[in-house]
Amino acid sequence: LEAHDDSAREITLRLKNVKGEWRWIEFRESVLTRDKNGNPTHIIGTPRDITDRVHRQNSLEKNNQKLETINDTILNSLPQLAWIANRGGEVTYVNQKWIDFTGCSAADMRERDCSYLIHPDDVEEMWNVWSESLNTGLPYEIEYRLFEKKSGTYLWQLCRAIPLRNEEGDVAQWVGTCTDIHQRKSLEERLQNRQLYLDTILKNSPIILFAFDMKGRVVHSSG
């Protein structure tokens with residue numbers, strides 16, 4: 001310990017006990033007294049056996065690695081774009097389909113601005129809905145346009161996410177998917193445009209016109 005440094009120092013190492021077992025020991029050293037120049041004259045060291053803690057931590061890390069492998073296998077087998085976010089909403093994992101579609105990995109989304117992935121007209125609503133889910137823990141669902149790198153265009157997606165909770169019932173992470181609904185949305189838009197066109201004709205026609213459905217029922221008229 002350096003002069004005038006009153007901070008404690010911790011050292012972790014393995015020692016063999018009288019039974020011949022290797023144990024993880026944590027030593028904590030603190031200065032008791034110093035000379036007139038501030039140099040330590042008496043230091044107290046307190047050892048603590050942390051073997052069980054180290055084993056639990058190693059076991060947890062191995063389990064997390066196995067879980068990541070399982071998640072990667074399952075989510076990469078899905079036909080949709082899939083992702084995982086932590087409890088605060090930060091994306092920690094995306095499957096290969098997401099990377100192929102957007103050109104962005106999970107690391108890219110954390111380290112640089114990827115806000116362009118969402119169509120500018122959809123960004124505000126997306127954040128509002130996502131924030132509501134993060135605050136309430138309720139499932140997330142929204143339709144928005146997502147940037148496709150290959151075509152350089154935005155395609156409609158149905159995005160859903162559910163919270164995964166820990167033993168205490170708190171949200172631990174979110175698992176989400178994005179399903180391509182661009183064809184459906186395009187068809188809906190064409191039908192809407194056709195309906196507006198028909199309504200305009202009926203409204204401005206000098207004669208009375210009727211529109212019938214397949215069962216012969218009147219669905220529109222100009223008078």
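Mentor: First, the vocabulary: buried means under 20% relative accessible area, exposed means over 50%, and partly exposed is anything in between (1.4 Å probe, protein chains only). Keep in mind that this is a predicted model, where local features need pLDDT of at least 70 and side-chain atom pairs count only at pLDDT 80 or more, while totals for chains, interfaces and linings use all residues. Residues are numbered from 1 along each chain as its sequence is written, and side-chain values use heavy atoms, with hydrogens and water left out.

Trainee: Why is T51 called buried?

Mentor: T51 has a relative accessible area of 1%. That is under the 20% cut-off, so T51 counts as buried. T51 lies in helix α1, residues 51-76; helices (H or I, at least four residues) and strands (E, at least two) are DSSP runs, numbered from the N terminus.

Trainee: What makes the T51–R23 pair a polar contact?

Mentor: The T51 and R23 side chains come together at 3.3 Å. A polar contact takes a pair of N or O atoms within 3.5 Å, and within protein one must be able to donate a hydrogen and the other to accept it; residues adjacent in sequence count only if both atoms are side-chain atoms. The T51 side chain also has a polar contact with that of D49, at 2.7 Å.

Trainee: And how do you know that N95 is buried?

Mentor: N95 sits at 0% relative accessibility, under the 20% limit, so it counts as buried. You'll find N95 in the loop between β5 and α2, and a polar atom of its side chain lies 2.9 Å from the backbone oxygen of L75.

Trainee: What makes E26 and R48 a salt bridge?

Mentor: Their N to O distance is 2.6 Å. In sequence the two are 22 residues apart, with E26 in strand β2 (residues 22-34) and R48 in strand β3 (residues 40-49). A salt bridge needs a side-chain nitrogen of Lys or Arg within 4 Å of a carboxyl oxygen of Asp or Glu, so the pair qualifies. E26, R48 and R53 are also linked in a network of salt bridges.

Trainee: Are E26 and R48 buried, or what would you call them? What are their values?

Mentor: E26 is buried at 9%, whereas R48, at 47%, is partly exposed.

Trainee: Which elements does the E143–K185 salt bridge link?

Mentor: The closest N and O atoms of E143 and K185 are 3.1 Å apart. E143 is in strand β6 and K185 in helix α5 (residues 182-204), 42 residues apart. K185 has 19% relative accessibility, under 20%, so it still counts as buried.

Trainee: What makes something a nonpolar core here?

Mentor: A nonpolar core is a set of buried Ala, Val, Leu, Ile, Met, Phe, Trp, Tyr and Cys residues joined through side-chain atoms within 4.5 Å. The largest one has 25 residues, of which W83, W98, Y140, Y144 and L146 touch the most other members. Strand β6 gives this core its largest share, five residues.

Trainee: Why can I11 belong to a surface patch?

Mentor: Patches are made of residues with over 30% relative accessible area and no salt bridge, like charges being joined within 9 Å and nonpolar side chains (Val, Leu, Ile, Met, Phe, Trp, Tyr) within 5 Å. I11 has 33% relative accessibility, so it passes the area cut-off. Together I11, L13 and L15 form a nonpolar patch with about 200 Å² of accessible area, computed by the Shrake-Rupley method with a 1.4 Å probe, where for residues only the protein chains shown count as cover.
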